[in-house]
Amino acid sequence: DIGAYIEVTSMTMSETSVRVEKGKNITLSLNILPENADINGIAWSSDNNSIAKVENGIVTGIKEGKTIITATSVNGVKTTATVEVYEVKPESVSLNKTSLSLNVGQTETITANVNPSNASDKSVSWSSSSYSVASVENGVITAKNIGTATITARTSNGKTATVEVTVTKKAPIKINNFRYTKDYVCGVEWNFSITNNSGKTINNITLKWYNFNAVGDFVYDQIDVKNYT
């Protein structure tokens, strides 16, 4: 009869032993006889879904190991394939910086590069030797308090790389373009500019110089700057 159900009499996998990388997919195909058999309702299963799972013949590697993938027709014909899940493990990890100086409150983003580039799992976890000095989250380092801390990036299989962080407190002022000229009687003219880093109005700045004249006598000078914003 037209449209009559035709049972599967023979079914085999196109490959009986395959490998798939962790986190990747492969597709298993079936050779079915007769060719006009009804293939609707083929059921796929994995003996160990924690190693590899399968859906409509598409196998996904979950973790290293071996499992059996089974395809079953509606009328009970079965075929299997052995699937081995493998992993390309990280061999090393490197950071774009090995040392870093920050002022309290500053942040800096560090980039981790996992090698080889085709490693199955390129994720890294981050930690700080002193979260009170410098914290880290997803590679973003935040300076907390004056001191030093070691920031570590660790791969899934334990390879590590570190950056040494020194945290200081930003000076309230910065002296720029400092230079001076002297005349023949040892008079000195000082030239400089000041940057206010404090974010506040500075009412008084005292700058002191200590020097020696031509005959070795100690010379002292002082300038007071008032109402500097």
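Buried means under 20% relative accessible area, exposed means over 50%, and partly exposed lies in between. The model used in these exercises is predicted.

**Exercise 1. Classify N56 and describe its backbone.**

Step 1. Place the residue. N56 sits in the loop between β6 (52–55) and β7 (58–61).

Step 2. Apply the cut-off. N56 has a relative accessible area of 62%, so it is exposed.

Step 3. Check the backbone. Most residues other than glycine have a negative phi. N56 is not a glycine, yet its phi is positive, near 55°.

**Exercise 2. Do the same for N138.**

Step 1. N138 belongs to the loop between β15 (134–137) and β16 (140–143).

Step 2. Its relative accessible area is 67%, so N138 is exposed.

Step 3. Phi of N138 is positive, about 55°, although the residue is not a glycine.

**Exercise 3. Find what precedes P34 and P116 across their cis peptide bonds, and locate both prolines.**

Step 1. Recall the background. Most peptide bonds are trans.

Step 2. Take P34. A cis bond joins L33 to P34, with omega about -10°. P34 is in the loop between β4 (30–33) and β5 (43–46).

Step 3. Take P116. N115 precedes P116 across a cis bond, and omega is near 0°. P116 falls in the loop between β13 (112–115) and β14 (124–128).

**Exercise 4. Work out the sheet that contains β8.**

Step 1. Recall how strands join. They pair through backbone hydrogen bonds, either parallel or antiparallel.

Step 2. Start with β5 and β8. Strand β8 covers residues 65–72, and four bridges join β8 to β5 in an antiparallel arrangement. S45 has T70 of β8 as its bridge partner.

Step 3. Move on to β9. Strand β9 covers residues 78–86 and pairs with β8 in the antiparallel sense over eight bridges. T70 stands opposite T80 in β9. K66 stands opposite E84 in β9.

Step 4. Look at the turn. The hairpin of β8 and β9 has five residues between the strands, and G76 there takes a positive phi near 95°.

Step 5. Write the order. The open sheet has four strands, β2-β9-β8-β5, with mixed pairing. The edges are β2 (17–21) and β5, each pairing on one side only. From one strand to the next, the twist averages 25°.

**Exercise 5. Trace three of the five salt bridges in the structure.**

Step 1. Recall the principle. Side chains of opposite charge can pair when their charged atoms come close.

Step 2. Pair R19 with E84. Their closest N and O atoms are 3.5 Å apart in a salt bridge. R19 is in β2 and E84 in β9, so the bridge ties together parts 65 residues apart in sequence. E84 has 28% relative accessibility, so it is partly exposed.

Step 3. Pair E87 with K22. The closest N and O atoms of this salt bridge are 4.0 Å apart. It links distant parts of the chain: E87 lies in the loop between β9 and β10 (92–95), and K22 in the loop between β2 and β3 (25–27), 65 residues apart. E87 is buried, with a relative accessible area of 17%. K22 is partly exposed, with a relative accessible area of 26%.

Step 4. Pair E64 with K89. Their side chains meet in a salt bridge of 3.7 Å, N to O. E64 is in the loop between β7 and β8, while K89 is in the loop between β9 and β10, 25 residues apart. E64 is partly exposed at 39%, and K89 is partly exposed at 42%.

**Exercise 6. Which ring face does R19 lie over?**

Step 1. R19 lies over the face of Y86, at 4.1 Å from the ring centre.

Step 2. Now turn to ring pairs. Rings pair if their centres lie within 6.5 Å. By this rule there are zero aromatic pairs.

**Exercise 7. Set A161 and T181 side by side: buried or partly exposed?**

Step 1. A161 lies in strand β18 (residues 160–168). Its relative accessible area is 12%, so A161 is buried.

Step 2. List its contacts. Leaving aside neighbours within four places in sequence, A161 is in contact with V93, S94, L95, I151, T152 and A153. I151 is 10 residues from A161 in sequence, and 8.4 Å from it, C-alpha to C-alpha.

Step 3. T181 lies in strand β19 (residues 173–182). Its relative accessibility is 45%, so T181 is partly exposed. The C-alpha atoms of T181 and N191 are separated by 8.4 Å, with the two positions 10 residues apart along the chain.

Note on methods:
Residues are numbered from 1 along each chain as its sequence is written. This is a predicted model: local features need pLDDT of at least 70, side-chain atom pairs count only at pLDDT 80 or more; totals for chains, interfaces and linings use all residues. Side-chain values use heavy atoms; hydrogens and water are left out. Rings of Phe, Tyr and Trp (its six-membered ring) pair if their centres lie within 6.5 Å; planes under 30 degrees apart count as stacked, over 60 as edge-to-face and the rest as tilted. A charge sits over a ring if NZ of Lys or CZ of Arg is within 6 Å of the ring centre and within 35 degrees of the ring normal. Helices (H or I, at least four residues) and strands (E, at least two) are DSSP runs, numbered from the N terminus. Buried means under 20% relative accessible area, exposed over 50%, partly exposed in between (1.4 Å probe, protein chains only). Two strands pair if DSSP finds at least two bridges between them. Axes are lines fitted to C-alpha atoms, for helices over the stretch in contact, and angles run from 0 to 180 degrees between N-to-C directions. Contact means heavy atoms within 4.5 Å.
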